[in-house]
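Visitor: Could you show me the structure and then take some questions about it?

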Amino acid sequence: MRVALLAPISWRVPPRHYGPWELFASLLVEGLVARGVDVTLFATGDSVTSATLDSVVAHPWSEDPSVDPKVAECLHIAHAFERAGEFDLIHNSFDFLPLTYSDLVSTPVLTTIHGFSSPRIVPVYQRYNRTTSYVAISDADRHPSLDYLTTIYHGIDTDQFGLHPAPGGYLLFFGRIHPDKGAAEAIAVARRAGMPLVIAGIVQDQAYFDREVAPHVDGIRVRYLGPVGAERRSEVLGAAAALLHLIGFDEPFGLSVVEAMACGTPVIAFSRGSMPELIDPGVTGFLVATRDEAVAAVEAAGTLDRPGIRAQAVARFGRERMVSEYLDAYAQVVHAAS
């Protein structure tokens, strides 16, 4: 099977430190190539892959201010669809915009919907609901007006994560620093729990960081590490007593959640979005509704079986499971189009 995988170009594939959609693309592409699938990855020119790389954009627009995002994305998407006839299937992992090209080609298009950044983008998905195929990344993220081929949870390379020899020294916030992700909530909960907090992630909302996070960073009770790349993720996630994932929105999926669990680290999360699908309460972490419940969960998290948490993460969120499920989805789409 010849597959074109269209990745975003905000970051390279795989991302150097942040870029969940680009990380998903990398993990899936490498898994497909290992299974013998002929994959062409459309991504930035500095991407690293064992697939065939095709690019008209040399560097990611988030890392190169000379790149105009709108211009680069137009050229990137158009280039992939101009080669549509060379493939059995186009897997769109970009967002909604490539769907507007789908009626112009005969190659079937499957789209992984990574969430809806705004209700205003839903009409595009509705417009192509009957002519293309959609994959949800959690049941919670399914939009009631759309039809889905299936739900496929993201998978990670669990071999890159492992149990830490001496975990428990701090609580951890791990993600982009934005009001949606709950860094301020994590600071408040860690203080009340009497534990130091480590914060890791890019600053996506500078005003929020300056107002809600920076005043608390003292290098002792609250430490800010900045972005953490692949080479340090297991160490930072695995040494934590628990990951505080006190989100303020219905998150479609949480890569850091399953990465923490792959290290045996329990997760304490607000019960929103996909969290009830990812976390097994009392086994891999706790779902909470308030700060009080989160503080109480910190002590309880210390009683959980960390090898058991990792074992469940490996069983449910491994890359090979994800690759197998996408191959099944590809086969359905190609068969239906033949």
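Visitor: Which residue in β2 is the bridge partner of L6?

Guide: This is a predicted model, in which local features need pLDDT of at least 70, side-chain atom pairs count only at pLDDT 80 or more, and totals for chains, interfaces and linings use all residues. Residues are numbered from 1 along each chain as its sequence is written, and side-chain values use heavy atoms, with hydrogens and water left out. Strands β1 (residues 2-6) and β2 (residues 38-42) run parallel and are joined by five bridges; helices (H or I, at least four residues) and strands (E, at least two) are DSSP runs, numbered from the N terminus. Within β2, the bridge partner of L6 is F42.

Visitor: Which strands stand at the edges of the sheet that holds β1 and β2?

Guide: The sheet is open, has seven strands with parallel pairing, and its order is β3-β2-β1-β4-β5-β6-β7; two strands pair if DSSP finds at least two bridges between them. An edge strand has a single partner, so one side of it is left without a neighbour in the sheet, and this applies to β3 (52-54) and β7 (150-151).

Visitor: What angle does the direction of α1 make with that of β2?

Guide: Helix α1 (residues 20-34) packs on the sheet and touches β1, β2, β4 (89-92) and β5 (109-113). Angles run from 0 to 180 degrees between N-to-C directions, and axes are lines fitted to C-alpha atoms, for helices over the stretch in contact. Taken this way, the angle between α1 and β2 is about 160 degrees.

Visitor: How many residues of β1 are buried?

Guide: Buried means under 20% relative accessible area, exposed over 50%, and partly exposed in between (1.4 Å probe, protein chains only). Strand β1 is largely enclosed by the rest of the structure, because its buried residues number four of the five.

Visitor: Where is P14, and what is omega of the bond that joins V13 to it?

Guide: P14 lies in the loop between β1 and α1. Most residues other than glycine have a negative phi, and most peptide bonds are trans. The bond between V13 and P14 is cis, with omega about -10 degrees.

Visitor: Which residue of β6 stands opposite T111?

Guide: β5 and β6 run parallel, with four bridges joining them. From strand β6 (residues 133-136), S133 and V135 point one way, Y134 and A136 point the other way, and all are buried. The residue of β6 opposite T111 is Y134.

Visitor: Are α1 and α11 roughly parallel or roughly perpendicular?

Guide: The axes of α1 and helix α11 (residues 319-337) come within 9 Å and cross at roughly 75 degrees. Angles under 35 degrees count as roughly parallel, over 145 as roughly antiparallel, 65 to 115 as roughly perpendicular and the rest as oblique. The crossing angle therefore makes the two helices, α1 and α11, roughly perpendicular.

Visitor: With which residues is L327 in contact, leaving aside its neighbours within four places in sequence?

Guide: L327 is found in helix α11. Contact means heavy atoms within 4.5 Å. With those neighbours set aside, the contacts of L327 are L32, R35 and V37.

Visitor: How are the strands of the six-stranded sheet ordered, and which stand at its edges?

Guide: This open sheet has parallel pairing and the order β10-β9-β8-β11-β12-β13. Each edge strand has a single partner strand, so one of its sides is left without a neighbour in the sheet; the edge strands are β10 (222-226) and β13 (285-288).

Visitor: Which residue of β12 is the bridge partner of L244?

Guide: β11 pairs with strand β12 (residues 267-270) in the parallel sense, over three bridges. In β12, L244 has as its bridge partner I268.

Visitor: What covers the buried residues of α4?

Guide: The buried residues in α4 are A183, A184, A186, I187, A188, V189 and A190. Their cover includes β8 (170-174), β9 (197-200), α5, β11 (240-245) and α9 (291-301).

Visitor: Which residues make the contact between α4 and α5?

Guide: Helix α4 (residues 183-193) and helix α5 (residues 206-213) pack at about 15 degrees, with their axes 10 Å apart. They are therefore roughly parallel to each other. The residues in contact are A183, A184 and I187 of α4 and, from α5, Y208, E212 and V213.
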